Amino acid sequence: MSFRLASSPHQHNRRTTSQVMGWVMLAAIPGILAQTIVFGWGTIVHLLLAVITAVATEAAFLELRKKDFERAIMDGSAVLTAILLAVSIPPFAPWWISVLGTFFAIAIVKQLYGGLGNNLFNPAMAAYVMLLVSFPVQMTGWLPAAGLTEYSHSLLDAIWMIFSGYSYDGYSLLQLRSDIDGVTMATALDTLKTDLSQGFTYTESLTRHNVFYAAGGWLWVNLAYLFGGLIMLKKGIIRWHIPAAMLLALAAFSGVMWLVDADRYASPLFHLCSGGIMLGAFFIATDPVSASTTAKGRLWFGAAIGMWIYLIRTFGGYPDAIAFAVIIMNMAVPLIDYYTRPRTYGHGVSKTRRPKG
């Protein structure tokens, strides 16, 4: 018998990449279901379009690179990227939005950097930023929460709207975005930002145009993604550092400003329950490739994301800022890891002095 020597760390990895990706996708199911119930079947349609595009793009580029594309596709990373991007896209956005965004995420952000493990940026969020900057109208066309729309919509309506621009009954997206009072609805974050800029107080904004109930729809979606995130923590798929630091930082910054002027700034509860904050905290910011790799670094990384989310939401030009915050901090990861790397074992220990004489 012979021993095979290898360098540290000497630990056994009990999960393969495909198993980790599978657990993340399973944990995302409650959030996807809640999002479909609240905003309609368009989420599922875009998810299917994105997954098909991701697999086809991954296979094509790996074939061009003379790689084993069957084995690479089976790891699930491309499918997970497609899912995270699809749930970030408005449910009734045109079909080419999800196709173009997914192609950009896989081909440009992932494969041109060398494939899985080499990409600097989170592929889904980089693609989301590209789409938002390039097509702001299509990327901000979110529907009101279920029960607030003037016109109901089915799976058939979603398919027709995504591929033709009109529902099966001939309604436009503008009509479907109208609430029961006939007012075109935006997301709760966007409506709050607009109301505050027009001189309304935070309390007044919550009661205008059913903003409070619209935020309630996002509340259920966030709770569903929180549930999935807790499952991943329980299974050891992700670590607590990034989501905890991100949520605490967002709560701290929003709490201080809310205490300073409660009429002008939203409460911490509103920030934590609006937009895709739980999706970002547990499923996006924790990406093992583009996030910080040290324990202290993860805390700084998550806290900085929470800070950037609040600053951009409050003072920036976009209502939600998760993608921008993640991309900004992806660029800072090498610096964070450099200054938070653990001390090498034995480094800094003074040598035993030899006795005199």
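This note goes through a predicted model point by point, from its overall make-up to a few chosen residues.

1. Confidence of the model. Because the structure is predicted, it is sensible to begin with pLDDT, whose mean over the chain is 82, with 77% of the residues reaching 70 or more. Among the elements of the chain, helix H5, which covers residues 95–110, has the highest mean pLDDT, at 95, while helix H10, made of residues 202–207, has the lowest, at 62.

2. Two stretches to read with care. Over residues 5–12 the pLDDT stays under 50, and the model shows zero contacts there beyond four places in sequence. Residues 180–184 also have pLDDT under 50 throughout, but for this stretch the model has 13 contacts beyond four places in sequence.

3. Overall make-up. The secondary structure of the chain consists of 16 helices and zero strands. The chain has 357 residues, of which 49% count as buried, and its accessible surface comes to about 18900 Å², with 64% of that area belonging to carbon and sulfur atoms. When contacts between residues at least 6 apart in sequence are considered, 76% of them join residues at least 24 apart.

4. A covered helix. Helix H14, residues 277–284, is mostly covered, since eight of its eight residues are buried. Among the buried residues of H14 are Ile-277, Met-278 and Leu-279, and also Phe-282 and Phe-283; Gly-280 and Ala-281 are buried in this helix as well.

5. The salt bridge. The count of salt bridges in the model comes to one, and it is formed by the side chains of Glu-58 and Lys-110, with 2.9 Å from N to O. The pair links distant parts of the chain, as Glu-58 belongs to helix H2 (residues 42–64) and Lys-110 to helix H5, 52 residues apart. In general, side chains of opposite charge can pair when their charged atoms come close. Are the two partners buried or exposed? Glu-58 counts as buried because its relative accessibility is 2%, and Lys-110 is buried too, with a relative accessible area of 2%.

6. Gln-111 beside the salt bridge partner Glu-58. Gln-111 is placed in the loop between H5 and helix H6 (123–134), and it counts as buried because its relative accessibility is 4%, which is under the cut-off of 20%. The side chain of Gln-111 is joined to that of Glu-58 by a polar contact of 2.9 Å, so a reader who follows Glu-58 in the structure will find both this polar contact and the salt bridge to Lys-110. Leaving out residues up to four places away in sequence, Gln-111 touches Glu-58, Phe-61, Leu-62, Arg-65 and Ile-106.

7. Phe-121 in the loop between H5 and H6. Phe-121 also lies in the loop between H5 and H6, and with a relative accessibility of 17% it counts as buried. Which residues does Phe-121 contact, leaving aside its neighbours within four places in sequence? They are Val-109, Tyr-113, Ala-126, Ser-290, Ile-327, Asn-330 and Met-331. For Asn-330, which is 209 residues away along the chain, the separation from Phe-121 is 5.7 Å between C-alpha atoms.

8. Arg-313 and two backbone oxygens. Arg-313 lies in helix H15, residues 295–315, and it is buried because its relative accessible area is 5%. Where does the side chain of Arg-313 reach? It reaches the backbone oxygen of His-271 at 3.0 Å and the backbone oxygen of Ser-274 at 3.2 Å. Arg-313 and His-271 are 42 residues apart in sequence, and their C-alpha atoms are 9.1 Å apart in space.

9. A nonpolar patch on the surface. Trp-41, Trp-95, Leu-155, Leu-156, Ile-159, Trp-160, Phe-163 and Tyr-168 make a nonpolar surface patch of about 800 Å². Helix H7, residues 155–164, gives the most to this patch, with five residues. One of the patch residues, Leu-155, has its place in helix H7; because its relative accessible area is 38%, Leu-155 is described as partly exposed, a value that is over the 30% required of patch residues.

Terms used: Residues numbered from 1 in each chain as written. Predicted model: local features only at pLDDT ≥ 70, side-chain atom pairs only at ≥ 80, totals over all residues. Heavy atoms only, no water. Patch = residues over 30% accessible without salt bridge, like charges linked within 9 Å, V, L, I, M, F, W, Y side chains within 5 Å. Areas by Shrake-Rupley, 256 points an atom, 1.4 Å probe, with all protein chains shown as cover. Salt bridge = Lys/Arg side-chain N within 4 Å of Asp/Glu carboxyl O. Helix = DSSP H or I, 4+ residues; strand = E, 2+ residues; numbered from the N terminus. Buried < 20%, exposed > 50% of the residue type's maximum accessible area, 1.4 Å probe, protein only. pLDDT = per-residue confidence, 0-100. Contact = heavy atoms within 4.5 Å. Polar contact = N/O pair within 3.5 Å; in protein donor to acceptor, adjacent residues only side chain to side chain.
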